[in-house]
Amino acid sequence: MTTTPARLERPEIRRTTLLTQSLAITRRNLIHIKRMPEMLLDVTIQPVMFVLLFAFVFGGSIAISGGDPREYREWLMAGIMGQTIAFASFIVAVGLTADIDKGIVDRLRSLPIHPAAVLVGRSISSLLHSSIGIVIMSLTGLAIGWRIHDGIARAALAYLLLLAWGFAMIWVGILVGATMRSVEAVNGLMFATMFPVTFLANTFAPAENMPTLLRIFAEWNPISSLVLAVRELWGTPLPPAEHELALPLQHPVISTIVWTVVITGVMAPLALRAFKRRTDV
Amino acid sequence: MPPPSTSSPAVEADHLVKHFEDTVAVDDVTFSVPEGSVLGLLGPNGAGKTTTVRMMTTLSRPTSGTARVAGHDVLTEPDAVRRSMGLTGQSATVDELLTGRENLDLISALYGLDRSTARRVGDDLLERFSLAEASDRVVKTYSGGMRRRLDLAVSLVATPPVLFLDEPTTGLDPRSRVELWDVLRELVTDGTTLVLTTQYLEEADQLADNIVVIDHGRIIAEGTPLQLKDQSGAAAVVVTVSHADDLPRAQEVIRTVVPEFHVEEGARQISAPAGGLGHMTKIAAAFDGSGIELDDLGLKRPSLDDVFLRLTGHRAEEPSEPESEEALR
């Protein structure tokens with residue numbers, strides 16, 4: 001190759017912010033949803049199906065303050081939303097594992113962008129993904145008798161708590177996604193853990209009637225705080241407590257905020273370390 | 001970014017070492033690549049080629065040693081390194097669910113190119129890599145060759161002065177491979193410095209100005225393809241006669257120049273030591289006017305395959321499906 005090198009014209013590389021970069025990656029993840037709308041099944045058909053199943057199949061047998069099925073339906077909504085937003089971790093983990101697996105993460109890391117952009121972009125798209133589920137469930141709820149009783153401001157705070165919870169769950173997802181070697185492994189692990197954990201709470205049935213040990217577990221389960229907080233903020237009619245509630249449930253809004261901070265504080269460093277280890281090979 | 005001065009090498013590996021738990025993947029690898037030239041990192045699967053490239057492209061942190069790309073140190077100026085180079089990974093790392101155009105747009109956006117520049121750069125690249133017609137199709141529908149071309153196009157969005165290619169043609173059919181070689185040659189003509197890993201000796205021979213042979217994480221030989229071939233034994237003059245009947249007469253002609261030679265009757269060939277090219281012209285002159293019809297008279301150097309076999313005791317290319325070094329770990 002003895003040809004005189006012709007200097008190539010280089011396009012101008014402008015410095016961009018972490019937010020711009022993250023949004024570009026978010027946009028790419030959203031195009032995935034557009035191309036594969038079935039990715040949304042987990043936040044559309046599945047929770048709606050749960051709402052309908054629990055409201056109309058089990059609803060009659062699960063007693064809430066005198067056993068009015070309409071009240072159970074309303075009570076159920078916060079539980080299913082809590083579960084759906086907890087599954088944000090699932091969505092992040094699956095997406096991240098697939099990207100690492102296919103070398104997309106390496107491709108992005110070889111570009112002059114902020115090292116966190118890949119994770120932030122993934123987090124934003126997962127939160128949007130989960131939010132679609134929250135909107136769809138709110139609409140389903142409205143159709144079956146769920147209402148906001150205590151005004152818009154408190155209701156908005158309830159939605160904010162759900163989002164904050166989703167943010168904490170994202171770190172769990174990044175940890176799982178960076179640790180597991182395949183999408184199948186992620187699916188297996190998440191099904192085996194997230195389903196029982198989200199059921200062993202006050203999500204679908206009152207913890208009151210559970211055997212003592214389970215009841216204690218359920219009441220200390222962070223999801224229970226979230227779900228009770230959301231119920232209180234929406235003004236959902238609550239059954240009178242028969243036992244004295246565990247400490248976190250006595251102040252559910254504050255507990256939820258504390259849980260969110262603690263989970264994020266513990267999981268974020270672990271997740272970042274796992275991601276570094278996984279990619280620096 | 002100031003252009004690197006012509007005297008400093010475009011890429012330098014400076015005693016690179018990488019350990020994975022109890023294995024040594026890369027063991028003291030040092031080389032430099034002059035601007036505008038092509039370096040071939042040649043070695044079998046698991047030799048440490050990919051790990052070396054990952055360290056030079058800031059993806060993996062060296063256990064010790066460092067590397068410089070366009071004068072920037074990978075440890076202290078990783079961002080400047082990323083601005084100066086493009087990387088085409090081992091598996092085509094384009095997004096299958098995006099169209100070709102969307103893949104290019106994503107990378108342009110991440111480089112911070114403005115919309116009109118991104119559009120122009122995208123159009124140019126799609127045209128240049130014969131992907132214009134497929135630009136609005138989802139990559140899932142692309143053939144292997146098209147994916148590789150898109151992968152390469154994506155690496156070139158910012159027209160980097162240095163391009164790293166990790167086994168760019170692995171898994172491609174021979175025609176796509178030759179097409180890709182042509183594209184790479186064009187890039188070099190335009191002044192791009194290439195570092196490519198390959199386990200195909202032919203590829204290194206075709207493209208590389210300099211070759212570094214790696215086995216078990218260590219450099220075991222380096223030089224130009226010609227130097228490596230010369231290291232592996234002397235060249236030979238090979239005479240192919242047109243008619244097998246002429247073989248005895250041809251042997252007599254050659255005996256007037258060199259006493260020892262080797263005859264392969266089936267191939268109608270006689271090989272004689274070239275004696276540093278000196279015998280070549282004499283043998284040619286001796287045949288001139290001998291009346292013996294020749295199919296061919298030429299110089300045969302040992303192939304890189306011979307070189308590799310001699311250096312490592314095993315062949316570089318294995319018949320089995322190539323696996324990534326990642327998978328072996």
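**Exercise 1.** Describe the span of residues 253-272 of chain A by its secondary structure and by the distance between its end C-alpha atoms.

*Solution.* In this predicted model, residues 253-272 of chain A are 100% helix and 0% strand, and the end C-alpha atoms of the span lie 28 Å apart. Turning next to the record, we find that UniProt, in an unreviewed entry, gives the feature "transmembrane region" for residues 253-272 of chain A, and that it also places this feature at other spans, including 156-178. Residues 156-178 of chain A are likewise 100% helix and 0% strand, with end C-alpha atoms 33 Å apart.

**Exercise 2.** Work out how many residues each chain gives to the contact between chain B and chain A, and what area is buried there.

*Solution.* Begin with the residues: chain B gives 53 and chain A gives 37. The area buried between the two chains is about 4,000 Å², and carbon and sulfur atoms supply 55% of it. Within chain B, the residues that lose the most area to chain A are Arg83(B), Leu97(B) and Leu110(B), which together make up 18% of what that side buries.

**Exercise 3.** Find the polar links between chain B and chain A, and state which element gives the largest share of the side of chain B that touches chain A.

*Solution.* Between the chains there are six salt bridges, and one salt bridge joins Asp106(A) to Arg54(B), whose closest N and O atoms are 2.7 Å apart. Counting residue pairs in polar contact, with both residues at pLDDT 80 or more, gives 16. On the side of chain B that touches chain A, the largest share, six residues, comes from H3(B), and the residues of that side divide into 23 nonpolar, 12 polar and 18 charged.

Notes. Residues numbered from 1 in each chain as written. Chains lettered and ligands numbered in written order. Predicted model: local features only at pLDDT ≥ 70, side-chain atom pairs only at ≥ 80, totals over all residues. Heavy atoms only, no water. Contact = heavy atoms within 4.5 Å. Buried area = accessible area lost by both parts, 1.4 Å probe. Salt bridge = Lys/Arg side-chain N within 4 Å of Asp/Glu carboxyl O. Polar contact = N/O pair within 3.5 Å; in protein donor to acceptor, adjacent residues only side chain to side chain. Helix = DSSP H or I, 4+ residues; strand = E, 2+ residues; numbered from the N terminus. Nonpolar A, V, L, I, M, F, W, Y, C, P; charged D, E, K, R; others polar. UniProt positions renumbered as here; feature names shortened; annotations may be inferred.
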